[in-house]
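Let's take a walk through this structure together, one chain at a time. Keep the view open beside you as you read.

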Amino acid sequence: MMSRDEDLKKEFKKEFIYYGIFTFIGIAALISYAIGFEKSVMCGIAIGFIPTGIGGLLIYRKAKTHPGLAKNFKLEREERNIYISSKAGHAAFWVSYGYVFLAYVFSNLVNVTMQQFAIFTLILMPVVHLIFVAIYHRKY
Amino acid sequence: MKNKIRELREQLNLTQQALAEKVEVSRQTIISLENGRYNPSIFLAYKISKVFNLSIEIVFIFEEEDL
């Protein structure tokens, strides 16, 4: 069985790769923007992906040399937090499912474009998840 | 599931923070366990029992309704 530290090192490596991919996609979008391909879409992707990717890379790089930061990551991944996050994810999924179902039922009454609906949904889903995380942190 | 964590911790003069560090969880987790709001995994239950040098069934009290 792997020790907790080995697990954590593996997890850090995985996160580092994810953020590397984020940065790569952002840079690819920036290049596409520079050559004039789908400028407005590529601009949005670059603005979102590059800071997230570079920020993540810097944090995980710093965690290698700062035991305090590494300890924080370790505590973030402790079993109670994982339990709460999973439970919140499950609850948030069904709330979001209900929301999409109701949106479909009332689609004739509410006049919104697909783009407006997509933006609202993208904001709503993480907010619902965060609300459930807060509720379960109080409960457990 | 009930447990004797608070009682045993106080007998050993351990703070919640000290116990949390020994079993590699946050202090909040120890508070939740002591209040009976959170049931630990078998791994955490084993680690906690090991700190007190007792077996799991002495530290954690299983009841029919928990099953």
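## Two chains and where they meet

Helix 3 of chain B is a good place to set a first marker: just after the helix comes B:Gly36, with a positive phi near 75 degrees. Please keep in mind throughout that you are looking at a predicted model. We will come back to helix 3, but let us first get to know each chain.

Start with chain A. What is its secondary structure made of? Chain A has five helices and zero strands, so to speak a plain run of α-α-α-α-α from the N terminus on. The predictor's confidence in this chain averages a pLDDT of 88, with 97% of the residues at 70 or more. Among the elements of chain A, helix 4 has the highest mean pLDDT, 94, while helix 3 (residues 67–76) has the lowest, 80.

Now look at the overall form of chain A. Its radius of gyration is 19 Å, whereas a compact globule of 140 residues would have one near 14 Å. The C-alpha trace spans about 55 × 50 × 25 Å along the principal axes of chain A. Burial can be added to that picture: 11% of the 140 residues of chain A count as buried. Of the contacts in chain A between residues at least 6 apart in sequence, 68% join residues at least 24 apart.

Helix 5 of chain A, residues 114–139, deserves a closer look. How far should its 26 residues reach? At 1.5 Å a residue the expected span is 38 Å, and the end C-alpha atoms of helix 5 lie 37 Å apart, which agrees. This helix is hardly covered: the count of buried residues among its 26 is one.

Turn next to chain B. Here the secondary structure comes to five helices and two strands, and from the N terminus on the order is β-α-α-α-α-α-β. Chain B has a radius of gyration of 11 Å, close to the 11 Å that the globule rule gives for 67 residues, so the chain is as compact as a globular protein of that length. Its C-alpha trace spans about 30 × 20 × 20 Å along the principal axes of chain B. In chain B, 25% of the 67 residues count as buried. Residues 24 or more positions apart make up 52% of the contacts in chain B that have a separation of 6 or more.

For an example of a contact between distant parts of the sequence, find B:Val59 in helix 5 of chain B. Is B:Val59 buried or exposed? The cut-off for a buried residue is 20 or more other C-beta atoms within 10 Å, and B:Val59 counts as buried because it has 20 such neighbours. B:Val59 and B:Ile5 are 54 residues apart in sequence, yet their C-alpha atoms are 6.5 Å apart in space. Leaving aside neighbours within four places in sequence, the contacts of B:Val59 include B:Asn3, B:Lys4, B:Leu8, B:Ile48 and B:Phe52.

Two loops of chain B hold residues with a backbone angle worth checking. B:Glu24, in the loop between helix 2 and helix 3 of chain B, has a phi near 60 degrees, a positive value in a residue other than glycine. With 16 C-beta neighbours inside 10 Å, B:Glu24 counts as partly exposed. B:Asn53 sits in the loop between helix 4 (42–51) and helix 5 (56–59) of chain B. The phi of B:Asn53 is also positive, about 60 degrees, although this residue is not a glycine. B:Asn53 is exposed, with 9 other C-beta atoms within 10 Å.

Finally, bring the chains together. Nine residues of chain B are in contact with seven residues of chain A. The side of chain B that touches chain A has three nonpolar, four polar and two charged residues.

That returns us to helix 3 of chain B, residues 27–34, where B:Thr29, B:Ile30, B:Ser32 and B:Leu33 are buried. Why do they line one face of the helix? Seen down the axis of helix 3, the buried residues fall within an arc of 160 degrees, so they share one face. An α-helix has 3.6 residues a turn, so residues three or four places apart point the same way. The cover over the buried residues of helix 3 includes helix 4 (79–105) of chain A, along with strand 1 (2–3), helix 1 (5–11) and helix 2 (16–22) of chain B.

Conventions
Residues are numbered from 1 along each chain as its sequence is written. Chains are lettered from A and ligands numbered from 1 in the order in which they are written. This is a predicted model: local features need pLDDT of at least 70, side-chain atom pairs count only at pLDDT 80 or more; totals for chains, interfaces and linings use all residues. Two residues are in contact if their C-beta atoms, placed from the backbone, lie within 7 Å. Ala, Val, Leu, Ile, Met, Phe, Trp, Tyr, Cys and Pro count as nonpolar, Asp, Glu, Lys and Arg as charged, and the others, Gly among them, as polar. A residue is buried if 20 or more other C-beta atoms lie within 10 Å of its own, exposed if 12 or fewer, and partly exposed in between; C-beta atoms are placed from the backbone. Helices (H or I, at least four residues) and strands (E, at least two) are DSSP runs, numbered from the N terminus. The arc is that of the directions from the helix axis to the C-beta atoms. The radius of gyration is taken over C-alpha atoms; the globule rule is 2.2 Å times the number of residues to the power 0.38. The expected span of a helix is 1.5 Å times one less than its number of residues. pLDDT is the predictor's confidence in each residue, from 0 to 100.
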